[in-house]
Amino acid sequence: MESSTDIIYVDNNATTRLAPEVVEAMTPFLTTWYGNPSSPHPFGNEAAKAIVHAREAIATLLGAEPEEIIFTSCGSESDSTAIRSALETQRGRRRVLTTAVEHAAVLNLCKYLQHNGLHVDYLPVDSQGRINLEQAKALINDDTAIVSCMWANNEIGNIYPVEALGQLAHAHGALFHVDAVQAVGKIPINLKDSSIDFLSLSGHKLHAPKGIGVLYRRRFTPFQPYLIGGHQESGQRAGTENVASIAGLGRAAELAMAHMDEEQSRVRAMRDRLEAGLVASCPDPLVNGDRQSRLPNTLNICFRYIEGESILLRLYETAHICASSGSACTSGSLEPSHVLRALGLDYRSLHGSVRFSLSRYNTDAEIDTILQVTPGIIRSLRELSPFGRL
Amino acid sequence: MWNYTEKVMDYFLHPRNIGELPDADGVGEVGNIVCGDAMKLFVKLAEDKKTIAEAKFQTFGCASAIASASALTEMLIGKTLEEASKLTNQDIADFLGELPEEKMHCSVMGMEAFQAALVDMHKRHPELDVPIIVEETGENRIVCQCFSVTEGKIREVIQKNHLTTVEQVTHYTKAGGGCGGCKDDIQAILDDVLGKAKAAKEAASTERPACQLTTLQRIALIQETFDNIIRPGLKADGGDAELVDVNGDQVTVRLAGRCAACPSAIQTLKHWVEAKLREKVSGAITVVEAK
Ligand SMILES: Cc1ncc(COP(=O)(O)O)c(C=O)c1O
């Protein structure tokens with residue numbers, strides 16, 4: 001690819017563009033101020049100050065205290081740290097409750113734990129991807145070490161009732177972890193007085209770089225570090241700080257605060273227009289997820305009888321549109337997305353899913369282009385398919 | 001995303017020979033919607049009843065499946081049946097320049113469709129001398145339950161493509177790519193084929209025809225019966241069910257809702273779901289519950 005300027009990037013749940021302000025905030029620490037924040041001299045102190053500032057910005061975004069913010073290397077590390085810590089600090093307890101639609105960062109860790117003899121329950125979801133709190137209640141008992149549930153789902157955008165689930169966990173003395181990687185920056189979050197003990201976020205989903213994450217740990221929540229070594233992060237996470245990325249994430253948190261209303265208004269309006277337009281112009285559409293409680297930027301739609309990879313490639317070849325799909329071919333795993341399978345979708349729909357996930361950098365003109373080219377692509381691929389001609 | 005050659009992209013973006021041939025002499029259908037790729041190939045002979053005059057296709061699948069199918073039709077047209085029957089999946093890959101190894105199963109699917117079309121042609125025109133390709137070992141045992149891959153298919157692909165590892169077998173046939181439970185089995189087959197390679201000539205070939213076909217209509221009918229009769233029936237009882245897989249005559253079902261916890265669930269399955277499917281689709285169907 002020669003240049004990225006003519007790209008229509010609607011795959012923001014996969015990763016996001018770096019905000020120019022974030023690059024600006026990072027640059028001094030990649031050039032001039034390369035000191036180690038632990039060093040005693042004033043040169044290292046510049047880096048230390050940047051970390052203090054970023055920690056405050058992130059705490060503000062989450063409605064948390066700066067001491068409750070631990071910098072990690074990614075969302076996955078935050079997830080692993082929280083769940084493993086809970087199992088170590090609550091040794092008598094041998095059960096974990098999570099959902100069937102978690103990201104691999106939680107799901108595969110849980111499978112590993114199961115392999116090692118722990119009991120894990122996976123809450124099923126209904127055809128719109130919703131969990132049932134009554135069912136959750138029945139699966140939590142005094143043997144449960146931790147309940148882990150995503151705040152918002154990366155594929156279908158569903159927002160889960162985490163506050164209520166956390167109360168169910170606490171009723172049995174279990175800890176509660178929330179993977180908020182997709183929620184932070186897209187919906188308002190306030191952890192003050194919440195039932196959440198641990199929360200994970202990842203920089204690259206909110207216009208900060210890849211390879212930086214945060215684990216929020218509620219004050220006084222029992223904790224066992226995952227990386228053991230130096231005294232960084234108050235002894236909670238060893239390793240010399242990724243200063244530039246931390247500074248970038250801090251700036252991204254400030255920007256997320258400033259743009260929160262825009263997510264809820266302009267981004268949501270673009271998503272809704274895209275959804276309505278595709279539903280009207282492509283026969284037999286199926287919109288996945290809970291339309292009552294969904295991220296404002298996410299649209300997951302099945303084009304029945306055709307296969308996702310073909311759709312994505314044609315979208316790209318026709319107008320440089322970058323989206324994603326839950327089809328088996330795109331994942332390279334030979335199995336379609338576990339989230340769409342958990343919804344109980346039939347096989348005629350399952351392979352033809354496309355996810356459009358927007359950000360504040362998208363424009364109305366881009367939505368127009370997607371709406372112009374998609375119906376023709378769907379039609380011509382259906383003409384090729386032995387299963388359906390619509 | 002995959003790295004496709006320019007030729008694959010060309011055949012994907014501008015596929016040749018799309019559609020159906022109502023007066024075809026042979027029609028081959030392979031794959032199924034459960035696995036995520038399927039192909040229907042129509043072949044029509046010239047006046048001489050030896051040369052392929054027309055070939056058309058329909059494909060459900062990714063870019064490489066569409067390109068492989070289209071390439072195959074181009075390769076078939078103008079060839080005699082005898083010449084065409086000598087084509088291999090590697091020829092399709094070569095025609096397209098190259099396929100990513102993980103996508104080689106698309107070229108294998110093309111050849112399966114052609115073999116199936118020959119079997120169908122033989123049925124329609126018993127008087128013609130159709131060169132049906134007989135599997136060397138003819139074993140129809142299903143090795144990979146997730147993707148319904150037979151032992152015969154695995155052996156054939158190992159031999160024709162000189163495969164040496166289980167991972168390669170997965171890239172070419174999908175076998176082992178789901179739950180992975182059959183990987184030891186695939187290894188055993190590999191060991192056997194590789195060990196036998198030298199003494200291959202001795203192995204006598206049996207007479208059984210090529211592949212047992214999963215017809216697309218059949219799967220569609222099962223799905224339809226499921227959606228229109230079985231699920232509404234179960235729902236009326238506070239339950240529900242999901243169609244997990246169709247594997248020859250075996251239909252795998254997962255129960256949800258009240259059914260899942262109900263001790264007579266297995267009975268419900270056996271008696272009611274099976275009866276409905278037998279009535280609507282085929283008397284040979286058996287129903288099993290997904291683990
Ligand atoms: C819901 C969710 N959790 C966790 C992750 C993992 O985050 P990271 O890529 O930073 O490890 C992702 C993103 O890929 C995600 O969408």
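**View 1. What packs over helix α6 of chain B in this predicted model.** Quite a few neighbours share the job of covering the buried residues of α6(B). Among the helices of chain B, they include α4 (89-95), α5 (104-124), α7 (166-173) and α8 (183-196). Strands pitch in too, including β4 (142-144) and β5 (149-150) of chain B.

**View 2. Helix α6 of chain B, residue by residue.** This helix runs over residues 151-161 and is mostly covered, with nine of its eleven residues buried. Start at B:Glu151 and you can follow buried residues through B:Gly152, B:Lys153, B:Ile154, B:Arg155, B:Glu156, B:Val157 and B:Ile158. B:Asn161 is buried as well. Look just after the helix and you'll find B:His162, which takes a positive phi of about 55 degrees.

**View 3. The shell around the ligand.** Now hop over to the ligand, which has 13 residues around it. The closest are A:Gly75, A:Ser76, A:Asp179, A:Ser202 and A:Lys205. Helix α3 (residues 75-89) of chain A gives the most to this shell, with three residues. Sort the shell by character and you get three nonpolar, seven polar and three charged residues.

**View 4. Polar contacts of the ligand.** Zoom in on the atoms that pair up here. A ligand oxygen sits 2.8 Å from a polar backbone atom of A:Gly75. A ligand nitrogen lies 2.6 Å from an N or O atom in the side chain of A:Asp179. The side chain of A:Gln182 joins in, with an N or O atom 2.8 Å from an oxygen of the ligand. On its own the ligand would expose 390 Å², and the protein buries 88% of that.

How values were computed
Residues are numbered from 1 along each chain as its sequence is written. Chains are lettered from A and ligands numbered from 1 in the order in which they are written. This is a predicted model: local features need pLDDT of at least 70, side-chain atom pairs count only at pLDDT 80 or more; totals for chains, interfaces and linings use all residues. Side-chain values use heavy atoms; hydrogens and water are left out. Buried means under 20% relative accessible area, exposed over 50%, partly exposed in between (1.4 Å probe, protein chains only). Helices (H or I, at least four residues) and strands (E, at least two) are DSSP runs, numbered from the N terminus. Contact means heavy atoms within 4.5 Å. A residue is near a molecule or strand if one of its heavy atoms lies within 4 Å of it. A polar contact is a pair of N or O atoms within 3.5 Å; within protein, one must be able to donate a hydrogen and the other to accept it, and residues adjacent in sequence count only if both atoms are side-chain atoms. Accessible areas come from the Shrake-Rupley method with a 1.4 Å probe; for residues, only the protein chains shown count as cover. Ala, Val, Leu, Ile, Met, Phe, Trp, Tyr, Cys and Pro count as nonpolar, Asp, Glu, Lys and Arg as charged, and the others, Gly among them, as polar.
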